[in-house]
Amino acid sequence: MLEVLQSGWITTGERTARFEEALREYVGTRHAVAVNSATAALHLALEALGVGPGDEVVVPTYTFAACGEVVVYLGARPVLADVDPATFNVTRETAEDALTPRTRAILVVHFAGLPAEVMPLLELGAERGIPIVEDAAHALPASRAGRAAGTWGRAGAYSFYATKTVTTGEGGMLVTDEDAIADRARLMRLHGLSRDAWSRYTTAGNWAYEIEEAGFKYNMTDLAAALGLVQLGRAEEMRRARERIAATYQAAFTADPLAGLVEAPPWPPRGTVHAWHLYPLRLHGDRMRAGRDAVVAELRARGIGTSVHFIPLHLHPYYRRTFGYMPDDLPIARREYEREISLPIYPDLSAPDLMRVIEAVGEVVTGLA
Ligand SMILES: *Cc1c(COP(=O)(O)O)cnc(C)c1O
């Protein structure tokens with residue numbers, strides 16, 4: 001970052017190009033287009049696929065706000081799908097329930113960093129002529145049979161938000177094998193201009209540009225890209241550290257006395273690499289005197305911060321008001337959300353702190369049983 005500052009060129013330029021190249025190589029796609037958020041990448045991907053007014057996009061309800069709102073940006077309608085109760089991921093069956101003749105894309109989220117069962121979804125997409133777009137905001141690095149999550153569909157989006165596995169403070173990347181999607185996203189990420197500032201003001205450049213489309217302001221800065229290059233180099237080492245934490249949790253939560261009171265998340269099958277962005281534990285509230293919210297409060301009182309991922313989209317006021325969703329319309333997501341608690345998982349979590357979390361969860365949960 002100091003080198004970028006000293007160079008005098010702090011916005012989109014040579015570092016951003018290097019970060020795109022590094023990420024493209026890392027995940028194995030033809031193109032990587034750097035932007036300032038995964039939200040921007042998802043928006044650009046759907047825009048490039050031609051989603052517009054009157055269209056529908058299938059979005060799993062068990063996800064972050066971004067997934068639904070990018071569909072609304074384009075004047076289209078997000079049609080929410082339920083998820084698999086074990087993985088929280090959308091499946092062929094739950095996506096199929098949400099299809100209509102107006103469906104123009106299916107968004108697949110790799111929840112917590114565990115790759116979704118994409119093959120049946122890709123088959124569904126191929127049968128119906130519907131593109132699959134991947135939200136891989138949790139899934140860098142994650143893979144199945146050696147292929148990176150985010151690279152199976154027509155386009156994929158990674159997030160470099162502050163809490164994500166690889167961060168640039170704020171940032172995102174769209175990846176695709178298709179020249180047309182990449183070209184369109186490059187045009188639209190910077191005001192629809194025929195040439196960005198880097199290509200206008202370097203010695204080989206030319207001051208002139210044309211506005212080809214009414215685009216967006218989604219470009220990544222070279223300051224962010226400098227962070228991203230270093231972070232990407234550490235991505236696997238940081239993933240291994242999270243995997244060790246997950247394995248320690250797993251051993252504690254699948255053994256007595258906790259095994260009957262909590263449900264550990266699914267461990268990935270052989271050949272699947274889990275990014276472990278989140279560690280989503282579930283509580284057997286029916287076997288306890290109080291539910292998830294009480295556990296969150298008691299852990300907080302002991303100085304342990306947790307979170308909940310996610311409040312399903314269909315439970316939020318905007319979706320209820322605008323599209324008429326009712327809480328039980330997507331019952332699996334609702335039920336799993338009500339008993340989910342995300343435990344601390346990050347590369348610098350020390351072994352003593354990890355033990356403290358496990359002990360505290362044990363005490364709180366058995367205390368309520
Ligand atoms: C964080 C997140 C996003 C949005 O990422 P930004 O880079 O903050 O725009 C999208 N989808 C999911 C599932 C996320 O967790």
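Is Arg18 buried, partly exposed or exposed, and what is its relative accessibility? I looked this up in what is a predicted model, and I noted that Arg18 counts as partly exposed, at 41% relative accessibility.

I then turned to its partner, Glu14, which forms a salt bridge with Arg18, the closest N and O atoms being 3.3 Å apart. Glu14 is partly exposed as well, with a relative accessible area of 35%, and the two residues sit four apart in helix H2 (residues 14-27), separated by about one helical turn.

Next I looked at helix H10, where Arg239 and Glu243 lie four residues apart, about one turn of the helix, and where their side chains meet in a salt bridge of 3.0 Å, N to O. Here I recorded Arg239 as buried at 5% relative accessibility, whereas Glu243 is partly exposed at 25%.

Following helix H10 (residues 235-253) further, I found that it lies across S10, S12 and S13, running at about 15° to S12. These strands form an open sheet in the order S10-S12-S13, with antiparallel pairing, and its edge strands are S10 (262-263) and S13 (340-343), each pairing on one side only. Within the sheet, I noted that Glu263 has Arg282 in S12 as its bridge partner, and that both residues belong to a network of salt bridges that also links Arg335, Glu336 and Arg339. Of these, Glu336 and Arg339 are both buried, and their side chains meet at 3.1 Å, N to O.

Last, I checked strand S1 (residues 31-35), where five of the five residues are buried, so the strand is largely enclosed by the rest of the structure. S1 pairs with strand S9 (residues 172-176) in the antiparallel sense over five bridges, and His31 has Thr176 as its bridge partner there.

Technical notes: Residues are numbered from 1 along each chain as its sequence is written. This is a predicted model: local features need pLDDT of at least 70, side-chain atom pairs count only at pLDDT 80 or more; totals for chains, interfaces and linings use all residues. Side-chain values use heavy atoms; hydrogens and water are left out. Buried means under 20% relative accessible area, exposed over 50%, partly exposed in between (1.4 Å probe, protein chains only). Two strands pair if DSSP finds at least two bridges between them. Contact means heavy atoms within 4.5 Å. Axes are lines fitted to C-alpha atoms, for helices over the stretch in contact, and angles run from 0 to 180 degrees between N-to-C directions. A salt bridge is a side-chain nitrogen of Lys or Arg within 4 Å of a carboxyl oxygen of Asp or Glu.
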